[in-house]
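Got the viewer open and a selection tool ready? Let's walk through this one stop by stop.

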Amino acid sequence: MASTPLSSAGGNTALTPLPAGERLFGWRDHAALWLSLGVGLLVMQIGAYLVPALGTQAALTVIICGSILGAGLLAWTAKIGCDSGLSSAGLMHATYGSSFARLPVLLNIVQLIGWTTFELVVMRDGTMAIARQSGSFSASLWPVLTTLLWGAVLLALLSGSMVRLVRKFIGRYGLPLVIASLLWLSWQFLSKASAQGLEGVWNRAGDGSMSTLSALDLVIAMPVSWLPLVADFARHGRDGNSALRGTWLGYAVANIWCYALGLLVALTTPSTDLVAALLLAQGGLIALGLILIDEVDNAYGDLYSGSVAGHSLKPGWSVRRWGMALAVLCTALALVLPMHSLEPFLLMLSSVFVPLYGVILARLAGQANVVSLVTERKVNISAVAIWLLGVACYHLCAQLAPSWGAALPTLAVTFVLARFTRKLLNSPQVSAAA
Ligand SMILES: O=c1cc[nH]c(=O)[nH]1
């Protein structure tokens, strides 16, 4: 991070396009980054939530469709971020107006603090489980020390360059090891399914306690949770189309694989503890260890994006300073907060960010000069109104018609309304009257 002008320039670099010389990512870098960010224990955990509600085949169909759709949204946003060179905060300013955008930017920082804390807790618990399994230690102080250790790793990474981390480490070394772990675990649990009778596992029916569309919501919630971060990385890309292709491919493969692996573990293992189930697999200790290490880049990605967002609000603090402060805060939170259920947290975030990005995509996609919109007005009333309507729509759908899901109807409503009003506001008569 230190080597990018983001951290060194005096101005608000989150709200101006990244200079061409700083755009080094090709499609392989985007794909490696998003494959790596898409892999995680949390993702597998949500995959496991799909059963016994859904049958195996229905769950797999939902995983594939939801991942392609969700990763497509991510990729589309990546293209807008890369074409404009703006950060996520910049896209929010261009859509909602320079004063109002501070609210979604702040909400984004809050969600990123939440994600980083979750990731730290997951890394701590995973490390403790591995240590217990290998009989290494069990003293009550170890959870604190493990949390502090992971927090220190994040601080060390934040003092370096994000671009170098992605290109030199993740793409070259981190990803091959993670893919090898996933292949190994998939093989182990497929063998288990085969020993239990592949046909029985494949044809297992669901108990109907969750509708297909609600399950789709749960699958889409994961890629959607990355929407507010994607432009912060995509703006480092050389061109928008390769950002789109790389992000789509990388994230869709990771999401499908991890959700499906979580599903497979839940189908073949009675335990509800995913980490324990993974550890019991042959070679699970090493595979889980590598996946845990991969979890570091998720926490890092959250902090990096949170610090770009923070810098957009308070440019007097460099991106690096923001990163350090957020890392310390999240480590402290991970020490004191118990990890509650992830599902409500994810769905709550979706209710804010699905409509937020329905409006951003509708207003900015195909827009010739996104950068000029950043300072064009203080509050874009129509965009704000559609976003708030979208948040209400999400919760109403979830309450009144849960079987229809909430993410897709909300996305469709906000996108269509924002696109239609964009055309209307851009029409010559309205522009002349304005
Ligand atoms: O760490 C994570 C995981 C999912 N989504 C995020 O935004 N961050």
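Start by selecting Pro52, which sits in the loop between helix H3 (41-49) and H4. Keep in mind as you click around that this is a predicted model. Now add Val51 to the selection and look at the bond between the two: Val51 and Pro52 are joined by a cis peptide bond, with omega at about 10°.

From that loop, step back to H3 and bring up H11, residues 240-268. The axes of H3 and H11 are 7 Å apart, and the two helices pack at an angle of about 55°. H3 and H11 are therefore oblique to each other. Turn the view until one helix lies over the other, and you'll be looking at a right-handed crossing of H3 and H11.

Keep H11 on screen and go to the other side of the loop: select H4, residues 56-84. How far apart are the axes of H4 and H11, and at what angle do they pack? The axes are 7 Å apart, and the angle is about 155°. That angle is over 145°, so H4 counts as roughly antiparallel to H11. The crossing of H4 with H11 is right-handed. Color the contact between H4 and H11 by residue class and you should get 21 nonpolar, 7 polar and 2 charged residues.

Next stop, the ligand. Which residues are around it? Select Trp115, Glu119, Met222, Ser225, Trp226, Leu229, Asn298 and Asp302. Then pick out some polar atom pairs:

- Glu119: a polar atom of its side chain is 2.6 Å from a ligand oxygen atom.
- Asp302: here too a polar side-chain atom pairs with an oxygen atom of the ligand, at 2.7 Å.
- Ser225: an N or O atom in this side chain lies 2.8 Å from a nitrogen atom of the ligand.

Finish by switching on a surface for the ligand. Taken alone, the ligand exposes 230 Å², and the protein buries 98% of that.

Terms used:
Residues are numbered from 1 along each chain as its sequence is written. This is a predicted model: local features need pLDDT of at least 70, side-chain atom pairs count only at pLDDT 80 or more; totals for chains, interfaces and linings use all residues. Side-chain values use heavy atoms; hydrogens and water are left out. Axes are lines fitted to C-alpha atoms, for helices over the stretch in contact, and angles run from 0 to 180 degrees between N-to-C directions. Helices (H or I, at least four residues) and strands (E, at least two) are DSSP runs, numbered from the N terminus. Angles under 35 degrees count as roughly parallel, over 145 as roughly antiparallel, 65 to 115 as roughly perpendicular and the rest as oblique. A crossing is left-handed if the near helix is turned anticlockwise from the far one by less than a right angle, and right-handed if clockwise. Ala, Val, Leu, Ile, Met, Phe, Trp, Tyr, Cys and Pro count as nonpolar, Asp, Glu, Lys and Arg as charged, and the others, Gly among them, as polar. A residue is near a molecule or strand if one of its heavy atoms lies within 4 Å of it. A polar contact is a pair of N or O atoms within 3.5 Å; within protein, one must be able to donate a hydrogen and the other to accept it, and residues adjacent in sequence count only if both atoms are side-chain atoms. Accessible areas come from the Shrake-Rupley method with a 1.4 Å probe; for residues, only the protein chains shown count as cover.
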